[in-house]
Amino acid sequence: MQPQRHLLAIEGMYPPEIGQLLDLAESYALLNRSGKTQRDLLRGRTLINLFFEDSTRTRTSFELAGKRLGADVINMSVSASSVNKGETLLDTAATLNAMQCDLLVVRHDQSGAPALLAQKVDAAVINAGDGTHEHPTQALLDALTIRRRRGRLDGLTVAICGDIAHSRVARSNIYLLTTMGAAVRLVGPPTLMPAGAERLGLQVFHDMDAGLEGVDIVMMLRLQRERMTRGLVPSAREFFRFYGLDAARLARARPDALVMHPGPMNRGVEIDSAVADDPARSLIREQVEMGVAVRMAVLDVLGRRQIRNV
Ligand code: NCD
């Protein structure tokens with residue numbers, strides 16, 4: 001198996017690869033808690049954050065991860081609305097090559113844009129979310145968060161709930177969790193369900209109470225109105241009534257079930273604040289913390305491969 005130079009998707013990754021990344025990320029989580037850094041690892045290397053879409057958590061955690069490993073980090077924000085996709089991406093690639101960038105973190109509203117860039121730049125490319133396709137580091141950080149609490153991924157049942165059709169987070173998580181032996185249920189209205197879900201071996205529920213029955217993990221997703229080309233949900237209030245997570249619904253899951261959300265949250269639309277902020281049940285803050293550790297692990301692995309390729 002040839003080691004990958006880029007991280008573009010979870011689809012196609014093997015359990016040992018995922019397991020090794022999670023083990024390394026676990027060691028970075030401990031290092032981060034101890035307050036130590038590893039500033040010599042990527043010293044002299046350049047990391048460029050190229051974001052064509054808004055981001056808070058993902059961009060800042062890649063920035064922090066790069067800095068903790070000693071890389072020079074540059075943030076480039078590009079307004080997605082003002083770019084002519086093909087041309088600008090290729091122009092951008094040429095610019096980045098001229099700058100001798102080593103690690104390129106890309107977020108784009110078009111699925112496949114990071115893969116296209118990866119063909120044109122010398123840098124290692126990391127997909128930080130492309131359209132409705134994938135968001136691999138989010139799935140890795142979710143897996144690390146679950147594994148730290150539950151000690152394993154295999155044998156767990158995870159319900160992914162809400163706007164699944166538009167969610168790159170859901171797609172990456174579906175690939176990762178099923179590859180690592182977890183059972184995945186998709187819970188949401190038919191209008192927000194991706195086509196062919198059952199073919200992937202996933203259980204689909206349109207009734208939230210039934211979908212949450214006995215699950216170990218409840219993963220909530222944001223209603224992504226910006227990606228909807230037509231009205232797929234009647235109203236936020238209606239959506240919450242049928243698919244919002246509150247304490248009564250959560251009671252359907254296992255008594256020790258844990259709640260996750262990749263952020264940004266729409267409180268009162270897909271999740272009730274009392275559940276989101278309950279330290280006994282919610283892993284949402286820990287997900288953000290693990291985001292830095294996972295991104296350090298990814299930059300470490302791809303940065304070293306990059307050095308060997310020079
Ligand atoms: C997600 C994204 O951008 O895909 N956010 C994130 O990276 N934590 C999910 C979302 O936007 O709802």
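Analyst: Let's start with a definition: a nonpolar core is a set of buried Ala, Val, Leu, Ile, Met, Phe, Trp, Tyr and Cys residues joined through side-chain atoms within 4.5 Å. "Buried" means under 20% relative accessible area, "exposed" means over 50%, and "partly exposed" is in between, using a 1.4 Å probe and protein chains only. The model is predicted, so local features need pLDDT of at least 70 and side-chain atom pairs count only at pLDDT 80 or more, while totals for chains, interfaces and linings use all residues. Residues are numbered from 1 along each chain as its sequence is written, and side-chain values use heavy atoms, with hydrogens and water left out.

User: Which helix gives the largest share of the largest nonpolar core?

Analyst: That core has 62 residues, and those with the most contacts inside it are I126, L140, I160, L176, L186 and L299. Helices here are DSSP runs of H or I with at least four residues, strands are runs of E with at least two, and both are numbered from the N terminus. Nine residues, the largest share, come from helix α11 (residues 284-309).

User: What does L176 touch, leaving aside its neighbours within four places in sequence?

Analyst: L176 is among the residues with the most contacts inside the largest core. Contact means heavy atoms within 4.5 Å. With those sequence neighbours set aside, the contacts of L176 are I10, I18, A139, L140, A143 and L153.

User: How many residues does the second, separate core have?

Analyst: Look for V215, F239, L245 and L250, which are among its members. Counted up, this second core has 26 residues.

User: Which strands sit at the edges of the five-stranded sheet?

Analyst: Two strands pair if DSSP finds at least two bridges between them. This sheet is open, with parallel pairing and the order β7-β6-β5-β8-β9. An edge strand pairs on one side only, and that fits β7 (203-205) and β9 (258-260).

User: Is strand β5 largely enclosed or left open, and why?

Analyst: On one side of β5, T157, A159 and C161 are buried, and on the other side V158 and I160 are buried too, so both faces are covered. Because five of the five residues of β5 (residues 157-161) are buried, the rest of the structure leaves this strand largely enclosed.

User: Which residue of β6 stands opposite T157?

Analyst: β5 and strand β6 (residues 183-187) run parallel, joined by five bridges. Opposite T157 in β6 you'll find A183.

User: And in β9, what is the bridge partner of V218?

Analyst: Strand β8 (residues 217-220) pairs with β9 in the parallel sense over three bridges. The partner of V218 in β9 is V259.

User: What is the average turn between neighbouring strands in the four-stranded sheet?

Analyst: This open sheet has parallel pairing and the order β2-β1-β3-β4. Its edge strands are β2 (72-77) and β4 (124-130). Axes are lines fitted to C-alpha atoms, for helices over the stretch in contact, and angles run from 0 to 180 degrees between N-to-C directions. With direction ignored, neighbouring strands of this sheet are turned on average by 15 degrees.

User: Which residues lie closest to the centre of the largest pocket?

Analyst: A pocket is found on a 1 Å grid over the protein atoms alone: it is an open set of points where a 1.4 Å probe fits, with protein on both sides within 12 Å along at least five of seven lines, and lining residues have an atom within 4 Å of a point. The largest pocket holds about 520 Å³ of space. Of its 28 lining residues, the closest to the centre are R107, R168, R222, G263 and P264.

User: What is omega for the peptide bond that joins G263 and P264?

Analyst: P264 lies in the loop between β9 and α10 (273-276). The bond between G263 and P264 is cis, with omega of about -5 degrees.

User: Is R168 buried or exposed?

Analyst: R168 has its place in helix α6. Leaving aside neighbours within four places in sequence, its contacts include E53, R107, D130 and R227. With a relative accessible area of 7%, R168 is buried.

User: And Q100, is that one buried or exposed?

Analyst: Q100 is in the loop between α3 (85-98) and β3 (103-108). Its phi is near 55 degrees, a positive value in a residue other than glycine. Because its relative accessibility is 62%, Q100 counts as exposed.

Note on methods
Points joined across faces, edges and corners; volume = space filled by probe spheres on them.
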